[in-house]
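Hi,

Here is the structure I promised to pass on. Have a look at it first, and then read my notes below.

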Amino acid sequence: MLETDARERVIVAIDCGRERALELADALSGHACWLKVGMTLFYAEGPAIVREIRERGFKVFLDLKLHDIPHQVRGAAEAAASTGADLLTVHGLGAGPMMAAAVEGAAAAAGDGERAKVIAVTVLTSMDQQALDSIGVDAPVADEADRLARLARDNGIDGVVCSPQEATRMRELLGEDALIVTPGVRPAGAALGDQSRVATPAAAIAGGASHIVVGRPITSADDPVAAFEAIVAELVEQA
Ligand code: C5P
């Protein structure tokens with residue numbers, strides 16, 4: 001893989017407070033292309049944090065996992081995309097009209113420009129069969145994930161968030177243009193933290209991911225830039 005392509009495919013999750021997030025953004029500027037802002041940082045700091053990161057030249061994956069009635073989600077997606085975020089998430093469990101509304105909201109924010117992409121969470125990786133049973137979903141986890149991915153695709157959604165283990169299946173299902181974004185990525189030898197089903201960066205990409213999300217192996221490293229560059233080097237060599 002080309003180095004520029006590799007940089008584009010690694011999304012760094014900055015799950016920390018504002019000061020540390022901006023410190024990491026400054027350090028990674030010129031190295032990484034994408035930063036992921038999750039609910040914790042966004043609810044604490046609001047749209048300003050997205051703008052501050054965008055001003056530093058990054059694309060922003062604003063991972064708010066929207067799930068509400070379509071009217072509310074349309075408005076939320078429009079507001080989220082208006083911050084300048086390039087990629088948004090919704091829950092597939094909100095069903096087709098809600099996902100279509102998210103895409104409409106992102107389009108409304110873009111005007112004549114390119115709209116933010118919207119991807120769907122199928123079954124949260126924290127949920128197992130027992131958890132699905134507990135909410136009355138009888139289908140096996142994999143079937144449920146497939147069903148929600150197809151529903152997302154049929155409602156204009158640009159791709160899915162899934163575990164590296166599901167990436168190959170999702171690529172088959174959604175085709176070559178879909179965004180397939182996989183967290184749960186750990187370079188060989190890195191601490192797992194609370195992630196259990198993990199893959200290395202190169203394995204995740206080889207399995208069909210378009211982008212990988214890597215948080216703590218970069219943000220908790222003594223040298224975050226070196227940790228990021230090691231992942232880029234792995235992708236250049238192996239993917
Ligand atoms: O630090 P780590 O690499 O585990 O960070 C992964 C990021 O991806 C976190 O921001 C986490 O919230 C997010 N994520 C995840 N698993 C999912 C969906 C999102 O780890 N299924």
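**A polar pair to start with**

The side chains of Glu-52 and Arg-18 make a polar contact, at 2.7 Å. Before I go on, please keep in mind that this is a predicted model.

Glu-52 itself belongs to helix H4, which runs over residues 47-55. Is Glu-52 buried or exposed? Its relative accessibility is 18%, and buried means under 20%, so Glu-52 counts as buried. If you skip residues up to four places away in sequence, Glu-52 touches Arg-18 and Leu-22. So Arg-18 turns up both as the polar partner of Glu-52 and among the residues Glu-52 touches.

**Around the ligand**

Now for the ligand. Where does it sit? You'll find the ligand in the largest pocket. Two elements give two or more residues to the shell around the ligand: strand S8 (211-214) and helix H11 (216-219).

There are 13 residues around the ligand, and those that come nearest are Asp-15, Thr-125, Arg-186, Gln-195 and Arg-216. A few distances are handy when you click through the site:

- Asp-15: an N or O atom of its side chain is 2.6 Å from an oxygen atom of the ligand.
- Gln-195: a polar side-chain atom lies 2.7 Å from a ligand oxygen atom.
- Lys-36: here an N or O atom in the side chain is 2.9 Å from an oxygen atom of the ligand.

How much of the ligand does the protein cover? On its own the ligand has 460 Å² of accessible area, and the protein covers 81% of that.

**Ile-218 and Ser-210**

Helix H11, one of the two elements just mentioned, also holds Ile-218. With a relative accessibility of 0%, Ile-218 counts as buried. Which residues does Ile-218 touch, not counting those up to four places away in sequence? They are Val-10, Val-12, Pro-224, Ala-227, Phe-228 and Ile-231. For a sense of distance, Ala-190 is 28 residues from Ile-218 along the chain, and their C-alpha atoms are separated by 9.8 Å.

Ser-210 is in the loop between helix H10 (201-206) and S8. Ser-210 is buried too, at 12% relative accessibility. Apart from neighbours within four places in sequence, Ser-210 is in contact with Arg-9, Arg-171, Ala-178, Leu-179, Ile-180 and Ile-205. Leu-35 is 175 residues away from Ser-210 along the chain, with 15 Å between the two C-alpha atoms.

**Phe-42 and Cys-33**

Over to helix H3 (residues 39-45), where Phe-42 lies. Phe-42 has a relative accessible area of 13%, which makes it buried. Its contacts, leaving aside neighbours within four places in sequence, are Val-37, Pro-47, Val-50, Leu-62 and Leu-64. How far is Phe-42 from Pro-187, which is 145 residues apart from it along the chain? Their C-alpha atoms are separated by 27 Å.

Cys-33 sits in the loop between helix H2 (18-28) and strand S2 (34-38). Unlike the buried residues above, Cys-33 is partly exposed, because its relative accessible area is 24% and buried means under 20%. Cys-33 is in contact with Arg-7, Glu-8, Phe-58 and Lys-59, once neighbours within four places in sequence are left aside. One of these, Arg-7, is 26 residues from Cys-33 along the chain, and the C-alpha atoms of the two are 6.3 Å apart.

**Two positive phi angles**

Last, two backbone angles to look at. Lys-65 has a phi near 45°, a positive value in a residue other than glycine. Lys-65 is part of strand S3 (residues 59-66) and is partly exposed, with a relative accessible area of 24%.

Ala-95 is not a glycine either, yet its phi is positive, at about 75°. Where is Ala-95? You'll find Ala-95 in the loop between strand S4 (87-91) and helix H6 (96-110). At 31% relative accessibility, Ala-95 counts as partly exposed.

Cheers

Definitions and conventions: Residues numbered from 1 in each chain as written. Predicted model: local features only at pLDDT ≥ 70, side-chain atom pairs only at ≥ 80, totals over all residues. Heavy atoms only, no water. Helix = DSSP H or I, 4+ residues; strand = E, 2+ residues; numbered from the N terminus. Buried < 20%, exposed > 50% of the residue type's maximum accessible area, 1.4 Å probe, protein only. Contact = heavy atoms within 4.5 Å. Near = heavy atom within 4 Å. Polar contact = N/O pair within 3.5 Å; in protein donor to acceptor, adjacent residues only side chain to side chain. Areas by Shrake-Rupley, 256 points an atom, 1.4 Å probe, with all protein chains shown as cover. 1 Å grid on protein atoms, 1.4 Å probe; cavity = no way out; pocket = protein on both sides within 12 Å on 5 of 7 lines; lining within 4 Å. Sits in = over half its atoms within 2 Å of the grid points.
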